[in-house]
Amino acid sequence: MDPFEGGVMSGAIAALGVFGDGIDFLVRERQGRGGGEVGGLQQTAELLWGHIKLSIAAMVVACAVALPVGLVLGHTGRGGFLAVSVANIGRAVPSIALIFVFFAWFGAGFVNVMLALALLAIPPILTNTYVGMREVERDIVDAGRGMGMSATKLVTSVELPLALPLIMAGLRVSAVNVVATATIAPLAGYATTLGDPIINAGVYGDEGRVGAAMLVAAVAIATELLFAAAQRAATPEGLKLSRGTQRRRLTVINRRVSTTP
Amino acid sequence: MTFVLAQVPEGFYRDRSESDTGCVANNGVCPDWIVDNLDRYVDPFLEHVWLVVASVACGLLIAFPLAVLAYRRRWLIAPVANITGILYTIPSVAAFFLLLPITGRGALTAIVALTAYTLLILFRNVLEGLDAVPDEARDAGRGMGLTDGQLLWRVELPLALPSIMAGLRIATTTTVGLAALAFFAGAGGLGEPLEADKAFKSNVLVAGGLCVVLATALDLIILGAQRMMTPWTRSRAAS
């Protein structure tokens, strides 16, 4: 039995008007403008999974590049100008332009879109990793060195844990951006994302467009909340204590990305 | 109700018949084509500038009073930061289409959505700037008999200016990038020609490049304004 047929549920959905139609599209199949069946939970799940798959792949590639580079630059203190400029340049290049550069030069497909998204995700991760490593108090690093720690031990036991909150903040900015930008992936030939009903309203209809837009917004907010929780969990206890009083006022605004003065 | 995507006149951007050399036909990077067709990008560029300037100005008009208010009444910080945080998180393409049924196609939808994106950045930076004002400066102002209003305008805001301007710069460059998606809302901008012929390298290069140029130019303008408005930071750096 269709739980959305009649009753309180459909009444509530109808009351929401255009947005209700959007939700309806996500849960119930209907005849598309092109003739085929569109909408429904199965297709929604398929598009959602494609969206998440693309986003995760892009984030994995971005982390594989940005984290090691950021850690090394931050540990040695070299290349600070590079690490911070990357963020400024990254902000100035529109995500859609980057996607189309990959499309025009390398063609359509999952890998090309994924690489474009990864390139988009690198600057915040790289810059925040660098700044996080640099902002570890020098006294603490010196103490570690005085205890005879090797460079590797210093990074993994002292600098990395203390830099982790800021690194996580960078990951959070990147992840939300990647999820948002995966919406326009169908423009560059990878159709299995939630952007497909938004861009190809000719096939899915206006309900599909509004429904997918709502779902994309929900996925982005869920990503944000997930990474915010991870960021809190990654903050060492000692750091929470020492900053507690001073930081509490501004904890809700800790989405920091550094910029040149 | 039907929303139509980018309404580019058919063949306008795709028309390459005048200079249909091998380079253009092969979707290459063609300096000749770029020079001949640069005028096609003037209108989208101006639309883009208007979207960015209007959105950042609206964002500042909303975020600035909110931040000043929250600076005095601390309990406001959490709700305002959370709401603007959620607005900042919603993908712009989604935001455009969620706004379409309410505000309709056109620049209004784009400006409302883009304004929403600037709020978090501007609010946070104005507030951080005000919070970073040294207590000594505040005490000195009080000692001179300044009222709360005078203290705000003559001491606290000038000292917060570098942080406020930094926020303005981040908000502006971010908005330049997001405005490239405004064509989804029917508001034009450089995204429109960019999308209309996305396989043509020359086109992608020019439209994308103009976005970067615009972001850099606006950034430098705000930086210049900041230098002029805060002469004391410059003299300190020089001495």
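A helix, in these notes, is a DSSP run of H or I at least four residues long, numbered from the N terminus. I begin there because the entry on B:Glu156, which is found in helix α8 of chain B, depends on that definition. I also note at the outset that I am working with a predicted model.

**Entry 1: B:Glu156**

I looked up B:Glu156 in helix α8 of chain B and asked whether this residue is buried or exposed. B:Glu156 has a relative accessible area of 1%, and since buried means under 20%, it counts as buried. Leaving aside residues up to four places away in sequence, I found that B:Glu156 touches B:Tyr71, B:Arg72, B:Leu130, B:Val133, B:Arg138 and B:Leu151.

**Entry 2: the two chains**

I then listed the elements of each chain. Chain A has eleven helices and two strands, and its order from the N terminus on is α-α-β-β-α-α-α-α-α-α-α-α-α. For chain B I recorded eleven helices and zero strands. Of the 261 residues of chain A, 51% count as buried, while for the 239 residues of chain B the figure is 53%. I also looked up how far apart in sequence the contacting residues lie: in chain A, 72% of the contacts with a separation of 6 or more join residues 24 or more positions apart, and in chain B, 79% of the contacts between residues at least 6 apart join residues at least 24 apart.

**Entry 3: the largest cavity**

How many cavities of 30 Å³ or more does the structure hold? I found two, and the largest cavity contains about 730 Å³ of space. Its lining is made of 34 residues, and those closest to the centre are A:Arg91, A:Val173, A:Asn177, B:Tyr88 and B:Thr174. The elements giving two or more residues to this lining come from both chains: in chain A they are α4 (80-92), α6 (110-134) and α8 (151-181), and in chain B they are α4 (77-89), α5 (92-103), α6 (107-131) and α8 (148-179). The element that gives the most is α8(A), with six residues. By class, I noted 21 nonpolar, eight polar and five charged residues in the lining of the largest cavity.

**Entry 4: the second largest cavity**

The second largest cavity has a volume of about 40 Å³. I recorded its lining as A:Phe25, A:Leu26, A:Gly39, A:Gln43, A:Thr44, A:Leu47, A:Leu194, A:Pro197 and A:Ala212. Two elements of chain A, α2 (18-27) and α3 (40-76), give two or more residues each, and α3(A) has the largest share with three residues. This lining divides into six nonpolar, three polar and no charged residues.

**Entry 5: α8(A) against α10(A)**

I next examined how α8(A) lies against helix α10 of chain A, which spans residues 201-234. Their axes come within 9 Å and cross at roughly 170°; because angles over 145 degrees count as roughly antiparallel, I describe α8(A) and α10(A) in that way. On the α8(A) side, the residues that meet α10(A) include A:Leu164, A:Met168, A:Arg172 and A:Val179, and on the α10(A) side they include A:Val219, A:Glu224, A:Phe227 and A:Ala234. The residues of this contact divide into 14 nonpolar, two polar and two charged.

**Entry 6: A:Ile167**

Still in helix α8 of chain A, I looked up A:Ile167, which counts as buried at 4% relative accessibility. Not counting residues up to four places away in sequence, A:Ile167 touches A:Leu67, A:Leu71, A:Asn128, A:Thr129 and A:Leu160. I also recorded the separation between A:Ile167 and A:Ala234, which are 67 residues apart in sequence and 9.5 Å apart in space, C-alpha to C-alpha.

**Entry 7: the second largest pocket**

Which elements of chain A each supply at least two residues of the lining of the second largest pocket? I found α3, α8 and α10. About 240 Å³ of space lies in this pocket, and of the 13 residues that line it, the closest to its centre are A:Ser55, A:Ile56, A:Val179, A:Thr223 and A:Phe227. Among these, A:Val179, A:Thr223 and A:Phe227 also take part in the contact of α8(A) with α10(A). I closed the entry with the classes of the pocket lining, which are ten nonpolar, three polar and no charged residues.

Notes:
Residues numbered from 1 in each chain as written. Chains lettered and ligands numbered in written order. Predicted model: local features only at pLDDT ≥ 70, side-chain atom pairs only at ≥ 80, totals over all residues. Heavy atoms only, no water. 1 Å grid on protein atoms, 1.4 Å probe; cavity = no way out; pocket = protein on both sides within 12 Å on 5 of 7 lines; lining within 4 Å. Points joined across faces, edges and corners; volume = space filled by probe spheres on them. Nonpolar A, V, L, I, M, F, W, Y, C, P; charged D, E, K, R; others polar. Axes fitted to C-alpha atoms, helices over the stretch in contact; angles between N-to-C directions. Parallel < 35°, antiparallel > 145°, perpendicular 65-115°, else oblique. Contact = heavy atoms within 4.5 Å. Buried < 20%, exposed > 50% of the residue type's maximum accessible area, 1.4 Å probe, protein only.
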